[in-house]
Amino acid sequence: MGRFDEDRLDMIALLREKGIADERVIGAMSRVDRHRFVPEPFTSRAYEDSALPIGKGQTISQPYTVAFMTAALGAGSGEKILEVGTGSGYQAAVLAELGARVFSIERNLELLAAARKVLDRLHYRVATRGGDGTVGWSEFAPFDGIIVTAGAPDVPGPLLRQLKDGGKLVVPVGTLSRQSLIVVTRSGEHFDRREVEGFKFVPLIGKMGWQ
Ligand code: SAM
């Protein structure tokens with residue numbers, strides 16, 4: 001076993017204890033080396049169930065949050081998924097492990113460059129772009145699913161319009177200090193909105209986000 005294998009098994013056991021029951025998500029998170037996405041000096045804490053700093057005032061999300069949101073998105077193999085907020089690249093890698101075709105946007109170009117390096121080194125095929133993800137990625141729309149990994153003041157309208165019929169958008173919405181996770185399912189021109197759980201995210205900054 002490698003240095004981090006035991007820690008990763010402990011993290012997976014904890015996710016199960018906390019109620020993550022989606023075996024596809026559990027499988028994907030068992031296969032992704034989270035420690036590769038966490039910068040020094042936090043690498044030794046990579047499998048703790050906590051968010052950790054990745055620089056530029058940003059964080060890699062807590063494993064429980066990644067598991068919960070990924071399960072809520074329900075990304076199937078071969079599905080086209082847009083992620084807003086690449087950050088470290090970890091969530092994108094988990095989606096790629098599920099067999100999804102991942103498109104990910106990050107507004108901070110230095111974070112994006114670092115994530116790109118790790119994703120390439122680990123051979124994850126993820127398309128990335130620098131810029132404001134609140135307006136989506138129209139060239140590749142529509143998407144089977146969209147996951148926003150930063151807290152928004154409201155559900156960004158352009159993202160709803162870039163969902164396929166039957167597609168799902170998972171986005172934390174609320175104030176700067178507290179958000180609820182919103183899952184929107186598109187059915188034609190009807191958008192069914194469900195609120196699932198309270199989380200704390202860094203802010204989504206952009207045209208349809210915080211200014
Ligand atoms: N998914 C990331 C991971 O697995 O490491 C965690 C992302 S972190 C909690 C949120 C990220 O969203 C930050 O890197 C931040 O720069 C980015 N962000 C904030 N507003 C954004 C926007 N409008 N478009 C794209 N990225 C944005």
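These legends go with a set of close-up views of a predicted model.

**View 1. The ligand and the residues around it.**
Start with the ligand, which has 27 residues around it. The closest of them are E83, S88, E106, G133 and I205. What kinds of residue make up this shell, in terms of nonpolar, polar and charged? The split is 10 nonpolar, 13 polar and 4 charged.

**View 2. Nitrogen atoms of the ligand and their partners.**
Zoom in and look for short distances to nitrogen. In the side chain of E83, an N or O atom sits 2.8 Å from a nitrogen atom of the ligand. G133 also comes to 2.8 Å from a ligand nitrogen, but here the N or O atom belongs to the backbone. T149 uses its side chain: an N or O atom there is 3.2 Å from a nitrogen atom of the ligand. How much of the ligand's own accessible area does the protein cover? On its own the ligand has 600 Å² of accessible area, and the protein covers 99% of that.

**View 3. The pocket and the elements that build the shell.**
The ligand takes up the space of the largest pocket. Four elements each give two or more residues to the shell around the ligand: β2 (58–60), β3 (80–84), α4 (90–97) and β4 (101–106). Which of them gives the largest share? That is β2, with 3 residues.

**View 4. Helix α3, tucked inside.**
Why can we call helix α3, residues 63–73, largely enclosed by the rest of the structure? Of its 11 residues, 10 are buried, so the rest of the structure largely encloses this helix. If you want to find the buried ones, click through P63, Y64, T65, V66, A67, F68, M69, T70, A72 and L73. Then step just past the end of α3 to G74, where phi is positive, at about 65 degrees.

**View 5. Two cis peptide bonds, each leading into a proline.**
Here are two spots to check for omega. The bond joining E40 and P41 is cis, with omega at about 5 degrees. You'll find P41 in the loop between α2 (23–31) and β1 (52–55). The bond joining A141 and P142 is cis too, and its omega is about 5 degrees. P142 belongs to the loop between β5 (126–130) and β6 (143–148).

**View 6. Positive phi at K56 and H123.**
Neither residue in this view is a glycine, yet phi is positive at K56, near 60 degrees, and at H123, about 60 degrees. K56 sits in the loop between β1 and β2. With a relative accessibility of 47%, K56 counts as partly exposed. H123 is in the loop between α5 (109–121) and β5. Is H123 buried or exposed? Its relative accessible area is 70%, so H123 is exposed.

**View 7. A115 and G87, brought together in space.**
A115 is part of helix α5. Its relative accessible area is 0%, so A115 is buried. How far apart are A115 and G87 in space? Although 28 residues separate them in sequence, their C-alpha atoms are 6.9 Å apart.

**View 8. V202 and G151, another pair to find.**
V202 lies in the segment after β9 (190–199). Its relative accessible area is 21%, which makes V202 partly exposed, since buried means under 20%. Now look for G151: it is 51 residues away from V202 along the chain, while the C-alpha atoms of the two are separated by 5.9 Å.

**View 9. Strands β8 and β9, seen through R186 and E197.**
R186 is in strand β8, residues 179–187, and E197 is in strand β9. R186 counts as buried because its relative accessibility is 12%. E197, at 30% relative accessibility, counts as partly exposed. The C-alpha atoms of R186 and E197 are 20 Å apart, with the two positions 11 residues apart in sequence numbering. What is the C-alpha distance from E197 to G99? That pair is 98 residues apart along the chain and separated by 26 Å.

Technical notes: Residues numbered from 1 in each chain as written. Predicted model: local features only at pLDDT ≥ 70, side-chain atom pairs only at ≥ 80, totals over all residues. Heavy atoms only, no water. Near = heavy atom within 4 Å. Polar contact = N/O pair within 3.5 Å; in protein donor to acceptor, adjacent residues only side chain to side chain. Areas by Shrake-Rupley, 256 points an atom, 1.4 Å probe, with all protein chains shown as cover. 1 Å grid on protein atoms, 1.4 Å probe; cavity = no way out; pocket = protein on both sides within 12 Å on 5 of 7 lines; lining within 4 Å. Sits in = over half its atoms within 2 Å of the grid points. Nonpolar A, V, L, I, M, F, W, Y, C, P; charged D, E, K, R; others polar. Buried < 20%, exposed > 50% of the residue type's maximum accessible area, 1.4 Å probe, protein only.
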